[in-house]
Amino acid sequence: MRRALFPGSFDPLTLGHYDIIKRGVTLFDELVIAIGINADKNYMFTLEERVKFIEDAFKDEPKIKVTTYKGMTVDFCKKIDATFILRGLRNPADFEFEKAIAHTNRKLSEIETVFLLTSSGKSYISSSIVRDVIRNGGDYTGLVPETVVVK
(Lines give C-alpha, C1' and ligand atoms only; values in the text may rest on other atoms or scores of the structure.)
Protein backbone atom coordinates (compact mmCIF):
# COMPACT_ATOMS: atom_id res chain seq x y z
CA MET A 1 0.00 0.00 0.00
CA ARG A 2 1.28 3.46 -0.90
CA ARG A 3 0.44 5.55 2.16
CA ALA A 4 1.47 9.18 2.31
CA LEU A 5 1.42 11.64 5.16
CA PHE A 6 0.47 15.28 4.56
CA PRO A 7 1.60 17.02 7.76
CA GLY A 8 0.86 20.57 8.83
CA SER A 9 -0.82 22.79 11.38
CA PHE A 10 -3.74 23.62 9.07
CA ASP A 11 -4.55 26.75 11.08
CA PRO A 12 -6.80 26.94 9.14
CA LEU A 13 -7.15 24.61 6.14
CA THR A 14 -6.83 26.81 3.03
CA LEU A 15 -7.75 26.37 -0.61
CA GLY A 16 -4.03 25.84 -1.21
CA HIS A 17 -4.02 22.85 1.16
CA TYR A 18 -7.28 21.63 -0.37
CA ASP A 19 -5.75 21.78 -3.85
CA ILE A 20 -2.71 19.72 -2.82
CA ILE A 21 -4.87 17.16 -1.00
CA LYS A 22 -7.32 16.73 -3.90
CA ARG A 23 -4.48 16.22 -6.36
CA GLY A 24 -2.30 14.22 -3.96
CA VAL A 25 -4.96 11.67 -3.10
CA THR A 26 -4.87 10.47 -6.71
CA LEU A 27 -1.21 9.45 -6.29
CA PHE A 28 -1.56 7.23 -3.23
CA ASP A 29 -3.70 4.41 -1.91
CA GLU A 30 -4.22 6.36 1.30
CA LEU A 31 -3.46 9.94 2.30
CA VAL A 32 -3.18 10.68 6.00
CA ILE A 33 -3.64 14.33 6.82
CA ALA A 34 -1.83 14.80 10.12
CA ILE A 35 -2.14 17.89 12.27
CA GLY A 36 1.05 18.38 14.22
CA ILE A 37 0.67 19.43 17.83
CA ASN A 38 3.16 22.05 18.96
CA ALA A 39 2.63 23.24 22.56
CA ASP A 40 4.79 26.31 21.91
CA LYS A 41 2.55 27.63 19.14
CA ASN A 42 -0.53 29.82 19.61
CA TYR A 43 -3.23 28.66 17.23
CA MET A 44 -6.23 30.68 16.07
CA PHE A 45 -8.40 27.56 15.82
CA THR A 46 -8.55 24.71 18.32
CA LEU A 47 -7.22 21.29 17.41
CA GLU A 48 -10.79 19.98 17.38
CA GLU A 49 -11.90 22.73 14.98
CA ARG A 50 -9.00 22.05 12.63
CA VAL A 51 -9.72 18.31 12.59
CA LYS A 52 -13.40 19.02 11.87
CA PHE A 53 -12.57 21.47 9.05
CA ILE A 54 -10.57 18.76 7.29
CA GLU A 55 -12.88 15.85 8.04
CA ASP A 56 -15.89 17.80 6.77
CA ALA A 57 -14.05 18.97 3.64
CA PHE A 58 -13.14 15.38 2.67
CA LYS A 59 -16.04 13.41 4.16
CA ASP A 60 -16.77 11.82 0.77
CA GLU A 61 -13.18 10.74 0.12
CA PRO A 62 -12.56 7.25 1.59
CA LYS A 63 -8.81 7.34 0.83
CA ILE A 64 -8.29 10.27 3.23
CA LYS A 65 -7.75 9.84 6.97
CA VAL A 66 -7.33 12.70 9.45
CA THR A 67 -5.32 12.43 12.64
CA THR A 68 -3.07 14.38 15.01
CA TYR A 69 0.46 13.69 16.18
CA LYS A 70 3.23 14.94 18.42
CA GLY A 71 6.94 14.69 17.86
CA MET A 72 8.98 14.20 14.74
CA THR A 73 7.14 13.69 11.49
CA VAL A 74 9.42 10.84 10.39
CA ASP A 75 8.70 8.97 13.63
CA PHE A 76 4.98 9.33 13.03
CA CYS A 77 5.45 8.08 9.47
CA LYS A 78 7.10 4.94 10.84
CA LYS A 79 4.29 4.49 13.36
CA ILE A 80 1.57 4.54 10.68
CA ASP A 81 3.68 2.83 8.01
CA ALA A 82 3.69 5.82 5.64
CA THR A 83 6.44 5.62 3.04
CA PHE A 84 5.89 9.09 1.57
CA ILE A 85 5.49 12.63 2.84
CA LEU A 86 3.42 14.93 0.63
CA ARG A 87 4.23 18.64 0.62
CA GLY A 88 2.93 21.57 -1.39
CA LEU A 89 5.13 24.27 -2.85
CA ARG A 90 3.87 27.80 -3.50
CA ASN A 91 7.09 29.59 -4.37
CA PRO A 92 10.90 29.31 -4.47
CA ALA A 93 11.19 30.12 -0.75
CA ASP A 94 8.93 27.17 0.06
CA PHE A 95 11.12 24.96 -2.11
CA GLU A 96 14.34 25.91 -0.32
CA PHE A 97 12.76 25.42 3.11
CA GLU A 98 11.05 22.12 2.21
CA LYS A 99 14.13 20.79 0.41
CA ALA A 100 16.20 21.05 3.60
CA ILE A 101 13.52 19.24 5.60
CA ALA A 102 13.14 16.55 2.91
CA HIS A 103 16.89 15.89 2.88
CA THR A 104 16.94 15.66 6.68
CA ASN A 105 13.94 13.32 6.73
CA ARG A 106 15.54 11.12 4.08
CA LYS A 107 18.76 10.95 6.12
CA LEU A 108 16.86 10.06 9.29
CA SER A 109 14.44 7.53 7.86
CA GLU A 110 14.86 7.01 4.11
CA ILE A 111 11.35 8.36 3.60
CA GLU A 112 10.59 9.95 0.24
CA THR A 113 9.05 13.41 0.03
CA VAL A 114 6.76 14.13 -2.90
CA PHE A 115 6.30 17.77 -3.85
CA LEU A 116 3.31 19.17 -5.70
CA LEU A 117 3.17 22.72 -6.96
CA THR A 118 0.11 24.57 -5.78
CA SER A 119 -2.18 25.55 -8.63
CA SER A 120 -1.30 29.01 -9.91
CA GLY A 121 -4.57 30.58 -8.78
CA LYS A 122 -3.93 29.50 -5.21
CA SER A 123 -0.19 29.97 -4.82
CA TYR A 124 -0.57 33.24 -2.91
CA ILE A 125 -2.75 31.72 -0.15
CA SER A 126 -1.19 30.84 3.19
CA SER A 127 -2.70 30.10 6.58
CA SER A 128 -0.93 33.13 8.07
CA ILE A 129 -2.51 35.42 5.44
CA VAL A 130 -5.93 33.88 6.11
CA ARG A 131 -5.52 34.40 9.86
CA ASP A 132 -4.56 38.03 9.27
CA VAL A 133 -7.63 38.59 7.08
CA ILE A 134 -9.85 37.00 9.76
CA ARG A 135 -8.26 39.05 12.58
CA ASN A 136 -8.91 42.23 10.65
CA GLY A 137 -12.52 41.40 9.79
CA GLY A 138 -11.89 40.81 6.08
CA ASP A 139 -13.72 38.46 3.76
CA TYR A 140 -11.73 35.23 3.87
CA THR A 141 -14.38 33.03 2.24
CA GLY A 142 -12.53 32.95 -1.09
CA LEU A 143 -9.38 31.65 0.59
CA VAL A 144 -10.69 28.59 2.44
CA PRO A 145 -13.01 25.64 1.78
CA GLU A 146 -16.63 26.14 2.85
CA THR A 147 -16.06 23.88 5.87
CA VAL A 148 -13.78 26.54 7.39
CA VAL A 149 -16.18 29.45 7.06
CA VAL A 150 -17.43 30.28 10.55
CA LYS A 151 -21.06 31.30 10.43
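## Exercises: a pocket and its charged pairs

The lining of the largest pocket divides into 16 nonpolar, 17 polar and eight charged residues. The model is predicted. Work through the tasks with the structure in view.

**Exercise 1.** Describe the largest pocket: its space, its lining and the elements that build the lining.

*Solution.*
- Step 1. Start with the space. The largest pocket holds about 1000 Å³.
- Step 2. Look at the lining. It is made of 41 residues. Nearest the centre of the pocket lie Pro7, Gly8, Ser9, Arg87 and Glu98.
- Step 3. Find the elements that give two or more residues. They are strands S1 (3–8) and S4 (84–89), with helices H1 (15–24), H3 (73–80), H4 (92–109) and H5 (127–135).
- Step 4. Pick out the element that gives the most. This is H4, with eight residues.

**Exercise 2.** Find the salt bridge that Arg87 forms, and place both partners in the chain.

*Solution.*
- Step 1. Recall the idea. Side chains of opposite charge can pair when their charged atoms come close.
- Step 2. Apply the cut-off. A side-chain nitrogen of Lys or Arg must lie within 4 Å of a carboxyl oxygen of Asp or Glu.
- Step 3. Check the pair. The closest N and O atoms of Arg87 and Glu98 are 2.8 Å apart, and the two form a salt bridge.
- Step 4. Place the partners. Arg87 sits in strand S4 and Glu98 in helix H4, eleven residues apart, so the pair links distant parts of the chain.
- Step 5. Judge the burial of Glu98. Its relative accessible area is 8%, so Glu98 is buried.
- Step 6. Return to the pocket. Arg87 and Glu98 are among the residues nearest its centre.

**Exercise 3.** Take the salt bridges Arg2–Asp29 and Arg3–Glu30. Are their residues buried or partly exposed?

*Solution.*
- Step 1. Take Arg2 and Asp29. Their closest N and O atoms are 3.7 Å apart.
- Step 2. Place them. Asp29 is in the loop between H1 and strand S2 (30–36), and Arg2 is in the segment before S1. They are 27 residues apart.
- Step 3. Use the cut-offs. Buried means under 20% relative accessible area, and exposed means over 50%. Asp29 has 37%, so Asp29 is partly exposed. Arg2 has 40%, so Arg2 is partly exposed too.
- Step 4. Take Arg3 and Glu30. Here the N to O distance is 2.4 Å.
- Step 5. Place them. Arg3 lies in strand S1 and Glu30 in strand S2, 27 residues apart.
- Step 6. Judge the burial. Both Arg3 and Glu30 are buried.

**Exercise 4.** How many salt bridges does the count come to?

*Solution.* The count comes to nine. Arg87–Glu98 is one of them.

Methods:
Residues numbered from 1 in each chain as written. Predicted model: local features only at pLDDT ≥ 70, side-chain atom pairs only at ≥ 80, totals over all residues. Heavy atoms only, no water. 1 Å grid on protein atoms, 1.4 Å probe; cavity = no way out; pocket = protein on both sides within 12 Å on 5 of 7 lines; lining within 4 Å. Points joined across faces, edges and corners; volume = space filled by probe spheres on them. Helix = DSSP H or I, 4+ residues; strand = E, 2+ residues; numbered from the N terminus. Nonpolar A, V, L, I, M, F, W, Y, C, P; charged D, E, K, R; others polar. Buried < 20%, exposed > 50% of the residue type's maximum accessible area, 1.4 Å probe, protein only.
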